[in-house]
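Student: I'd like a close look at one part of this model rather than a tour of everything. Could you pick it apart with me?

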Amino acid sequence: MQVIPIVIPHFNTDQFGTFTGEVERANDPLTTARLKIKDALRISGETLAVASEGSFGTHPQIGFVPADQELLLLIDTKNKLEIVASKISTNTNYAQQSVTTWEEVRSFAKEAGFPSHGVTLRSLTTLHKGISDWKLLQQTFEQLIVSTSSIQIETDMRAIYNPTRMKVIEETTQLLLDKINSTCPSCHFPGFDIQERVTGLPCRLCNSPTSFTFKLTYICQHCSYKSEKLFPDGDSCDPMYCNECNP
Ligand SMILES: [Zn+2]
Ligand SMILES: [Zn+2]
């Protein structure tokens, strides 16, 4: 079977939330990606779609480090198939700062990878997105600073203005492809994926259960065939991560 990809013209993804806050995202990333697909399939009348959804903030595990969480979803309504891939990467320029001088603007922009990466400038009343050349950046800043001293510069996180994010989406796409190519050993349906992760991998030193993975359960979405994989990351945990040995 051949799949011919189409992009729906003028599809308004801003309605599902924007990074710059004009529209708050009402749902979690997976629910949002499902809503995007539902809308795209309704408009196009097709049965198979892929959507992506990115989130930025501090790293959920490491903390204090900016992170890019990308999610890619494939839904095939004809075959009742849903495959999701996600990745958390610290490879991001995600940042924001209050600025009062051109020097501060310039140094932030340089750090953010400008002009190959876009930035946004905002005051309390205006928002300028997708700025990606030095002249426009300076003009916009000078325009704003005349009437306010409260200016915020931010990295533009939309993928078209952010090649670093594109790269993380590419890596997540590879994960999605791997999951599509993972087929059920029983019925050969695609998307044979982890449905449950059981933690409690024993510590190598004291044998206490840790937060590391002990067992993975794979379940087929089509025929419900189930298989378990013990010790996916080795049969014991480094005592360095053990709450008993190294609290
Ligand atoms: Zn199956
Ligand atoms: Zn231990």
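Student: Let's take E7: how many of its residues are buried, and what does that say about how the rest of the structure surrounds it?

Tutor: Happy to. Bear in mind that this is a predicted model. The mean pLDDT of the protein chain is 94, with 100% of its residues at 70 or more.

On to your strand. Of the 5 residues of E7, 4 are buried, so the strand is largely enclosed by the rest of the structure. Let's see what sits around it.

Start with the sheet. E7 belongs to an open sheet of 4 strands, ordered E4-E7-E5-E6 and paired antiparallel. The edges are taken by strand E4 (96-99) and strand E6 (127-131), each of which pairs on one side only. From one strand to the next, the twist averages 20°.

In that order E7 stands between E4 and E5, and you can follow the pairing on either side. With strand E5 (residues 119-122), E7 (residues 151-155) makes an antiparallel pair over 4 bridges. Two of the residue matches there are worth clicking on: Arg 122 has Gln 152 of E7 as its bridge partner, while Leu 121 is matched with Ile 153. The pairing of E4 with E7 is antiparallel too, again over 4 bridges. Here Val 99 finds its bridge partner in Ile 151 of E7.

Now for the helices. Helix H2 (residues 102-111) has the highest mean pLDDT among the elements of the chain, at 98. For the packing, go back to the sheet, where E5 and E7 pair over 4 bridges. H2 packs on this sheet and touches E4, E5 and E7, with its direction at about 165° to that of E4.

Helix H3 (residues 134-147) is the other one to look at. Its 14 residues reach 21 Å from the first C-alpha to the last, close to the 20 Å expected at 1.5 Å a residue. Leu 137, Phe 141 and Leu 144 are the buried residues of H3. Looking down the helix axis, you find these buried residues within an arc of 70°, so they line one face of H3. Your strand comes back in here: the cover over the buried residues of H3 includes E7, along with H2, E5 and E6. Flip to the other side of H3 and you meet the exposed residues Lys 135, Glu 142, Val 146 and Ser 147.

For contrast, try helix H4 (residues 163-181). At 1.5 Å a residue, its 19 residues should span 27 Å, and the end C-alpha atoms are indeed 27 Å apart, so the two agree. Buried in H4 are Arg 165, Val 168, Thr 172 and Leu 176. Down the axis of H4 they fall within an arc of 90°, so they too line one face of the helix. What covers them includes strand E1 (48-58), strand E2 (66-76) and strand E3 (81-89). The face of H4 turned away from its buried side carries Met 166, Glu 170, Gln 174, Asp 178 and Asn 181, which are exposed.

Back to E7, then: the strand pairs with E5 and with E4, is touched by H2, and is part of what covers the buried residues of H3.

Notes: Residues are numbered from 1 along each chain as its sequence is written. Chains are lettered from A and ligands numbered from 1 in the order in which they are written. This is a predicted model: local features need pLDDT of at least 70, side-chain atom pairs count only at pLDDT 80 or more; totals for chains, interfaces and linings use all residues. pLDDT is the predictor's confidence in each residue, from 0 to 100. Two strands pair if DSSP finds at least two bridges between them. Axes are lines fitted to C-alpha atoms, for helices over the stretch in contact, and angles run from 0 to 180 degrees between N-to-C directions. Two residues are in contact if their C-beta atoms, placed from the backbone, lie within 7 Å. The expected span of a helix is 1.5 Å times one less than its number of residues. A residue is buried if 20 or more other C-beta atoms lie within 10 Å of its own, exposed if 12 or fewer, and partly exposed in between; C-beta atoms are placed from the backbone. The arc is that of the directions from the helix axis to the C-beta atoms.
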